[in-house]
Amino acid sequence: MPIRHLVLLKFKAGTVPAEVQAIEAAFAALASKISAVQSLEWGTNNSPEGLAKGFTHCFNLTFADEAARATYLPHPDHLAFVEQLKPALDDVLVVDYRFTSECDGRS
């Protein structure tokens, strides 16, 4: 059963746009570097509700199963990315869940 790995990022005040862009590109590049990643999508918060608590970026990775996720987490490219991210990171929230069904809003 597929696993979704949802990562929300909040950057430190004063992090320059070029650094954020480099982090975005490095995170997105993990999909091509680590074969355990089935898919990776990301975007920036645009909710009008004002409930993001300073989190600006959302990355959603899909793994075939827990074994694939277990390959990704200690992978050298993932760990190198984490080291790149740390100096700019104010907070992170990670939620993993089993992808059991999809609703299209029509039923």
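Alanine 29 is a good place to enter this predicted model, as the residue sits in helix H1. With a relative accessible area of 23%, alanine 29 is partly exposed. Computed along the chain in residues, alanine 29 and methionine 1 are 28 apart, and their C-alpha atoms are separated by 24 Å in space.

Helix H1 itself covers residues 17-33. Its 17 residues, at 1.5 Å a residue, should span 24 Å, and the C-alpha atoms at its two ends are indeed 24 Å apart, so the expected and computed spans agree. Six names come up when the buried positions of H1 are listed: Val20, Ile23, Glu24, Ala26, Phe27 and Leu30. These residues cover an arc of only 165° around the axis, and therefore lie on the same side of H1. The other side of the helix carries Pro17, Ala18, Gln21 and Ser32, which are exposed.

Stepping back to the whole chain, the protein contains 3 helices and 4 strands. Followed along the sequence, these elements come in the pattern β-α-β-β-α-α-β. The C-alpha trace spans about 40 × 35 × 20 Å along its principal axes. Of the 107 residues in the protein, 31% are buried.

Strand pairing can be described starting from S1, which takes in residues 3-11. Strand S1 pairs with strand S3 (residues 57-63) in the antiparallel sense, over 7 bridges. Within this pairing, valine 7 has phenylalanine 59 of S3 as its bridge partner. Strand S1 also runs antiparallel to strand S4 (residues 89-98), and 9 bridges join these two. Here arginine 4 stands opposite tyrosine 97 of S4.

Tyrosine 97, a residue of strand S4, is also part of a surface feature. Together with Leu93 and Val95, Tyr97 forms a nonpolar patch on the surface, and the three residues share about 240 Å² of accessible area. Tyrosine 97 has a relative accessibility of 34%, and therefore counts as partly exposed.

Charged side chains add further contacts, with 4 salt bridges counted in the model. One of them links arginine 98 to glutamate 66, with 2.4 Å between the closest N and O atoms. Arginine 98 belongs to strand S4 and glutamate 66 to helix H2 (residues 66-72), so this pair ties together parts that lie 32 residues apart in sequence. Both partners are partly exposed: arginine 98 has a relative accessible area of 44%, and glutamate 66 has one of 38%.

Another salt bridge is formed by aspartate 96 and arginine 69, whose closest N and O atoms are 3.0 Å apart. Aspartate 96 lies in strand S4 while arginine 69 lies in helix H2, so parts that are 27 residues apart in sequence are tied together by this pair. The two partners fall into separate accessibility classes. Aspartate 96, at a relative accessible area of 32%, is partly exposed. Arginine 69 has a relative accessible area of 19% and is buried, because the buried class takes in values under 20%.

Glutamate 83 and lysine 86 also meet through their side chains in a salt bridge, at 3.1 Å from N to O. Glutamate 83 is partly exposed, having a relative accessible area of 48%. Lysine 86 likewise counts as partly exposed, at 45% relative accessibility.

A final point concerns backbone geometry. Most residues other than glycine have a negative phi. Lysine 53, in contrast, has a positive phi, near 55°, although the residue is not glycine. Lysine 53 is found in the loop between strand S2 (37-44) and S3. With a relative accessible area of 69%, lysine 53 is exposed.

Note on methods: Residues are numbered from 1 along each chain as its sequence is written. This is a predicted model: local features need pLDDT of at least 70, side-chain atom pairs count only at pLDDT 80 or more; totals for chains, interfaces and linings use all residues. Side-chain values use heavy atoms; hydrogens and water are left out. Two strands pair if DSSP finds at least two bridges between them. Patches are made of residues with over 30% relative accessible area and no salt bridge: like charges are joined within 9 Å, nonpolar side chains (Val, Leu, Ile, Met, Phe, Trp, Tyr) within 5 Å. Accessible areas come from the Shrake-Rupley method with a 1.4 Å probe; for residues, only the protein chains shown count as cover. Buried means under 20% relative accessible area, exposed over 50%, partly exposed in between (1.4 Å probe, protein chains only). The expected span of a helix is 1.5 Å times one less than its number of residues. The arc is that of the directions from the helix axis to the C-beta atoms.
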